Amino acid sequence: MKVLIVKDYEQMSRIAADIIADIVRRNPSAVLGLATGSTPVGMYKLLSQFVEEKKASFKKVRTVNLDEYVGLGAEHEQSFAHFMRTHLFDSVDVAPNNTHIPNGLADDPQSECDRYHRLLQQLPQDVQVLGLGSNGHIGFNEPDTPFDSTTHTVRLAESTVRDNARFFASREEVPQTAITMGISEIMNARKIIVLASGKNKAQAVKAMVEGEVTPACPASVLQNHADCTVIVDEDAASLLAGNYR
Ligand code: GLP
């Protein structure tokens with residue numbers, strides 16, 4: 001696990017965007033595993049600029065997203081599908097049918113999980129971008145999710161509902177369940193980059209980087225990945241004991 005401690009959110013976003021752009025330049029049909037939440041927004045903004053300035057093209061890129069709320073359709077403003085269109089897909093030249101995300105309105109969520117798992121077997125990620133939940137979750141793999149898990153439905157932890165309520169009119173409107181890529185599918189990515197910014201992630205970053213590898217902190221499994229880079233700003237790195245500079 002490589003740890004890059006950077007000055008601030010802007011520098012974290014720029015380094016991440018440069019990594020993704022470099023992967024796409026070297027492999028124009030790369031499979032990008034993408035994340036939602038506030039952390040990757042700066043990176044998506046820069047990637048959109050790179051495409052606008054013809055410094056990169058997503059024309060042949062395929063994307064697979066980590067998760068989607070159960071009960072929210074792709075048109076719902078708080079769905080992750082809508083988030084991805086707003087923050088990236090509508091601003092780059094990616095082909096919509098090359099973008100993949102679990103269907104939050106699937107009649108049978110378990111069948112949808114099985115379909116998505118099969119898709120991920122056909123489209124293994126060249127790079128998986130991850131944010132980090134304040135409780136150490138990755139995607140929506142909450143604490144105590146088995147490391148060998150595949151795409152599954154999850155009842156969101158209270159802390160996750162609380163953390164994500166800011167995107168909804170009220171806490172009651174936050175869906176209680178989601179479909180998430182499993183930990184084994186995340187670990188199957190050739191390369192992983194984890195982004196974390198802010199003091200509220202410092203405890204989770206310490207557990208991810210320096211803690212015991214345990215399902216109690218899903219992100220700790222990333223210590224076992226052959227090519228995982230953690231990019232954190234000073235605040236998110238503030239509890240790290242090691243010297244990573
Ligand atoms: C949600 C998402 C995760 C994301 C996490 C942190 O739980 N499912 O993929 O990493 O929130 O979000 P933020 O970046 O807004 O702190």
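**The ligand and the cysteines**

Visitor: Which residue has an N or O atom in its side chain 2.5 Å from an oxygen atom of the ligand?

Guide: The model is a predicted one. A pair of N or O atoms within 3.5 Å counts as a polar contact. An oxygen atom of the ligand meets that cut-off at 2.5 Å from a side-chain N or O atom, and the residue is K201.

Visitor: How much of the accessible area that the ligand has on its own does the protein cover?

Guide: On its own, the ligand has 390 Å² of accessible area. The space it takes is the largest pocket. The share of that area covered by the protein is 95%.

Visitor: Which class has eight residues in the shell around the ligand?

Guide: There are 13 residues around the ligand, and T39, D67, H137, R166 and K201 come nearest. By class, two of the shell residues are nonpolar and three are charged. The class with eight is polar.

Visitor: What part of L132 supplies the polar atom 3.3 Å from an oxygen atom of the ligand?

Guide: For R166, a polar side-chain atom lies 2.6 Å from a ligand oxygen. For L132, the polar atom at 3.3 Å belongs to the backbone.

Visitor: How many disulfides does the structure hold?

Guide: A disulfide is a covalent bond between the sulfur atoms of two cysteines. The closest cysteine sulfur to that of C228 is in C217, 12 Å away, which is too far for a bond. The number of disulfides in the structure is zero.

Visitor: Is C228 buried or exposed?

Guide: Buried means under 20% relative accessible area. C228 has a relative accessible area of 3%, so it counts as buried.

Notes: Residues are numbered from 1 along each chain as its sequence is written. This is a predicted model: local features need pLDDT of at least 70, side-chain atom pairs count only at pLDDT 80 or more; totals for chains, interfaces and linings use all residues. Side-chain values use heavy atoms; hydrogens and water are left out. A residue is near a molecule or strand if one of its heavy atoms lies within 4 Å of it. A polar contact is a pair of N or O atoms within 3.5 Å; within protein, one must be able to donate a hydrogen and the other to accept it, and residues adjacent in sequence count only if both atoms are side-chain atoms. Accessible areas come from the Shrake-Rupley method with a 1.4 Å probe; for residues, only the protein chains shown count as cover. On a 1 Å grid over the protein atoms alone, a cavity is a set of points where a 1.4 Å probe fits but cannot get out, and a pocket is an open set with protein on both sides within 12 Å along at least five of seven lines; lining residues have an atom within 4 Å of a point. A molecule sits in a cavity or pocket if more than half of its atoms lie within 2 Å of its grid points. Ala, Val, Leu, Ile, Met, Phe, Trp, Tyr, Cys and Pro count as nonpolar, Asp, Glu, Lys and Arg as charged, and the others, Gly among them, as polar. A disulfide is a pair of cysteine sulfur atoms within 2.5 Å. Buried means under 20% relative accessible area, exposed over 50%, partly exposed in between (1.4 Å probe, protein chains only).
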